Amino acid sequence: MFHSWFRVLYRAAAATILLLPAFLFGSAQAHSSTGHETHHYDLADPALARAAQRYDWAQEGKGNRAELEKLVADDYVLFRASGKVTNKAGLIALVCDPHGYTNPYTVETPLVRDLGDTVILGGWVNLTGTDNGKPFQQKARFADIWHKEPKGWRLAFTQVTLADHP
């Protein structure tokens, strides 16, 4: 399986403690659009592996709104590290904030729990980037819950918890 989870997670400003969910594991591959090395989960379902990878990539840089709209469920819920709760629109606003930028990241200590049509992808990430021109760093564990729908795999839920070490 790949990502997610994360990855997920968000253009996290140190003051607001956000996290990009998201999340990659396993063997290395080159990211075709940025050239950086990324990792993916070794998942049995190649469609989920592709969705998770696309989700991670959609969170990097300035964010890819169109890709996030496709991959995130309409009833998505994010439990942010700050304790705040947000939805799909809130996630997309965080990730695609024009005043922020998230550097490519790698998920460490990946976690995969395959429950059939629902799969939990998680791990630990060290997110870095800029928010309003100021650098940020956020270290956190995350868990992304993916659900298989008629139109394919969609991200349904993310939980983020600050953690200094994997």
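This briefing walks through helix H1, the nonpolar core, the salt bridges, the aromatic pairs and a few backbone details. The structure is a predicted model. Helix H1 gives the largest share of the largest nonpolar core, six residues, and Tyr55 of H1 also takes part in an aromatic pair with Trp146 of strand E10. Seven salt bridges are found in the structure, along with two aromatic pairs.

**Helix H1**

- H1 runs over residues 46–59, and its 14 residues reach 20 Å from the first C-alpha to the last, close to the 20 Å expected at 1.5 Å a residue.
- At the N-terminal end, Asp45 acts as the cap, with a side-chain oxygen 2.8 Å from the backbone nitrogen of Ala47.
- Past the other end of the helix comes Gly61, with a positive phi near 65°.
- The buried residues of H1 are Leu48, Ala49, Ala51, Ala52, Gln53, Tyr55, Asp56, Ala58 and Gln59.
- A handy reminder when you look along this list: in an α-helix there are 3.6 residues a turn, so residues three or four places apart point the same way.

**The largest nonpolar core**

- This core has 30 residues, and those touching the most other members are Tyr55, Leu68, Tyr76, Leu121 and Trp146.
- Two or more residues each come from helices H1, H2 (65–71) and H3 (88–95), and from strands E5 (72–79), E9 (118–131), E10 (134–149) and E11 (152–162).
- Among these elements, H1 provides the largest share, with six residues.

**Salt bridges**

- Glu67 and Arg54 meet through their side chains in a salt bridge, at 2.3 Å from N to O.
- Glu67 belongs to helix H2 and Arg54 to helix H1, so this bridge ties together parts 13 residues apart in sequence.
- The partners sit in unlike surroundings: Glu67 is buried, at a relative accessible area of 13%, whereas Arg54 is partly exposed, at 35%.
- A salt bridge also joins Arg154 to Asp74, where the closest N and O atoms are 3.9 Å apart.
- Here the link is between distant parts of the chain, with Arg154 in strand E11 and Asp74 in strand E5, 80 residues apart.
- Arg154 counts as buried at 13% relative accessibility, while Asp74 counts as exposed at 66%.
- Arg154 has a further partner in Glu149, with 3.6 Å between the closest N and O atoms; Glu149 is partly exposed, with a relative accessible area of 28%.
- What network do these residues belong to? Salt bridges link Glu69, Asp74, Lys88, Glu149 and Arg154 in a network.

**Aromatic pairs**

- The ring centres of Tyr55 and Trp146 are 5.9 Å apart and the planes meet at 85°, so this pair is edge-to-face.
- Tyr55 in helix H1 and Trp146 in strand E10 are 91 residues apart, so to speak two distant parts of the chain linked by one pair.
- Are Tyr55 and Trp146 buried or exposed? Both Tyr55 and Trp146 are buried.
- Phe79 and Phe157 also form an edge-to-face pair, at 4.9 Å centre to centre and 80° between the planes.
- With Phe79 in strand E5 and Phe157 in strand E11, the pair ties together parts 78 residues apart in sequence.
- Phe79 counts as partly exposed at 33% relative accessibility, and so does Phe157 at 22%.

**Polar contacts of Thr158**

- Thr158 is found in strand E11 and counts as buried, at 0% relative accessibility.
- Its side chain makes a polar contact of 2.8 Å with the side chain of Tyr76.
- Thr158 also has a side-chain polar contact of 2.7 Å with Asp144.

**Positive phi outside glycine**

- As background, most residues other than glycine have a negative phi.
- Thr109 has a positive phi, near 45°; this residue is in strand E8 (residues 108–114) and is partly exposed, with a relative accessible area of 41%.
- Asn132 likewise has a positive phi, near 55°.
- Where is Asn132? Asn132 sits in the loop between E9 and E10, and at 53% relative accessibility it counts as exposed.

Methods. Residues numbered from 1 in each chain as written. Predicted model: local features only at pLDDT ≥ 70, side-chain atom pairs only at ≥ 80, totals over all residues. Heavy atoms only, no water. Helix = DSSP H or I, 4+ residues; strand = E, 2+ residues; numbered from the N terminus. Expected span 1.5 Å × (residues − 1). Buried < 20%, exposed > 50% of the residue type's maximum accessible area, 1.4 Å probe, protein only. Polar contact = N/O pair within 3.5 Å; in protein donor to acceptor, adjacent residues only side chain to side chain. Core = buried A, V, L, I, M, F, W, Y, C linked by side-chain atoms within 4.5 Å. Salt bridge = Lys/Arg side-chain N within 4 Å of Asp/Glu carboxyl O. Phe/Tyr/Trp six-rings, centres within 6.5 Å; stacked < 30°, edge-to-face > 60°.
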